[in-house]
Amino acid sequence: MSGPSASSDLGIENTNIKTATGVTLDEQQQTLVGSVLDLFAGRPSLKKLALWDDNGVFEDNITIATGRKQFEPQWYGLQTAFAEIERLHHEVVSAGNPIGMDLKTRYVTKGIKKEQIIASRVNIFYDKDTGKITKVQDKWDGELPDSSFKNVSIEQLIDPWWWVHYGEGWAWWMWSFTWDTWWWQAMRNLNSVSVPKIVSVPKNDEEDAKRGNQ
């Protein structure tokens, strides 16, 4: 399914997609990018997530969610965690596979109303034959952590301001029901398992609509 009619049928709200000079998306890519922008805006739905392969992966700096049972709660969790989600900027910079997109988003957590702005590079991998998304990578500041301490340098470790910044980020994610600790890889895996226990996913379109997601 692709093209403007597909976006309408799926209830995709982000149809005005900005692209860098010389970058052109085909209809299938426009549908995928529009759906992913909706997800990052806290506007998930079962129809939009049907564009994902059942074994798809969502990966960012705090989680590696593999399979539908893990990645769907991550997207619905944004509605649970944040009072406000505002997209400040987006631009598709590559129309290949993956599709590359620069994204800047402002988040405000519920409760303490803590604000955080995250700039990231989003990569959207997809199967050209099925049209399904196979992976979305959300790289904060263009990077993803590995099994090390997020590739932290000695200079950073001895810089007190780096620790202040790190602590602020840690506290913010603690309040948004997920967390960020020194053991990056272990915690990312734990996040993917724990969030589905906290966040419920609608069982059908009717339940989805009651949440305002259709």
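Start by selecting Val57 and Lys135: Val57 stands opposite Lys135 in β6. This is a predicted model, so everything on this tour is computed from its atoms.

**The parallel pair**

Widen the selection to strand β1 (residues 52–59) and strand β6 (residues 133–140), and you will see them pair in the parallel sense over four bridges. Helix α4, residues 68–81, is the next thing to colour: this helix packs on the sheet and touches β1, β2, β3 and β4. Look along β1 and compare directions; that of α4 makes about 55° with that of β1.

**The whole sheet**

Now show every strand of the sheet. Six strands make up an open sheet with mixed pairing, in the order β2-β1-β6-β5-β4-β3. At the edges you will find β2 (64–66) and β3, each pairing on one side only. Turn the view to follow the twist, which averages 20° from one strand to the next.

**Into strand β4**

Select residues 99–109, strand β4. Is this strand largely enclosed or largely open? Nine of its 11 residues are buried, so β4 is largely enclosed by the rest of the structure.

Its two neighbours are worth a visit each. On one side, strand β3 (residues 82–94) runs antiparallel to β4, joined to it by 10 bridges. To find a spot on this ladder, pick Val92, whose bridge partner in β4 is Met101. On the other side, strand β5 (residues 115–126) also pairs with β4 in the antiparallel sense, over 10 bridges. Here, pick Leu103 and look across to Ser120, its bridge partner in β5.

**Two turns**

Go next to the connection between β3 and β4, a hairpin that joins them through four residues. Pro98 sits in this loop, and the peptide bond leading to Pro98 from Asn97 is cis, with omega near 25°. Then follow β4 to the hairpin with β5, where five residues lie between the strands. Stop at Gly111, which takes a positive phi near 85°.

**Last stop: Ser45**

Finish away from the strands, in the loop between α2 (27–40) and α3 (46–49), where you will find Ser45. Is Ser45 buried or exposed? With a relative accessible area of 1%, Ser45 is buried, because buried means under 20%. Show its side chain, which reaches the backbone nitrogen of Lys48 at 3.1 Å. Then add Asn213 to the selection: Ser45 and Asn213 are 168 residues apart in sequence, yet 5.3 Å apart in space, C-alpha to C-alpha.

Methods:
Residues numbered from 1 in each chain as written. Predicted model: local features only at pLDDT ≥ 70, side-chain atom pairs only at ≥ 80, totals over all residues. Heavy atoms only, no water. Buried < 20%, exposed > 50% of the residue type's maximum accessible area, 1.4 Å probe, protein only. Pairing = 2+ DSSP bridges. Axes fitted to C-alpha atoms, helices over the stretch in contact; angles between N-to-C directions. Contact = heavy atoms within 4.5 Å. Polar contact = N/O pair within 3.5 Å; in protein donor to acceptor, adjacent residues only side chain to side chain.
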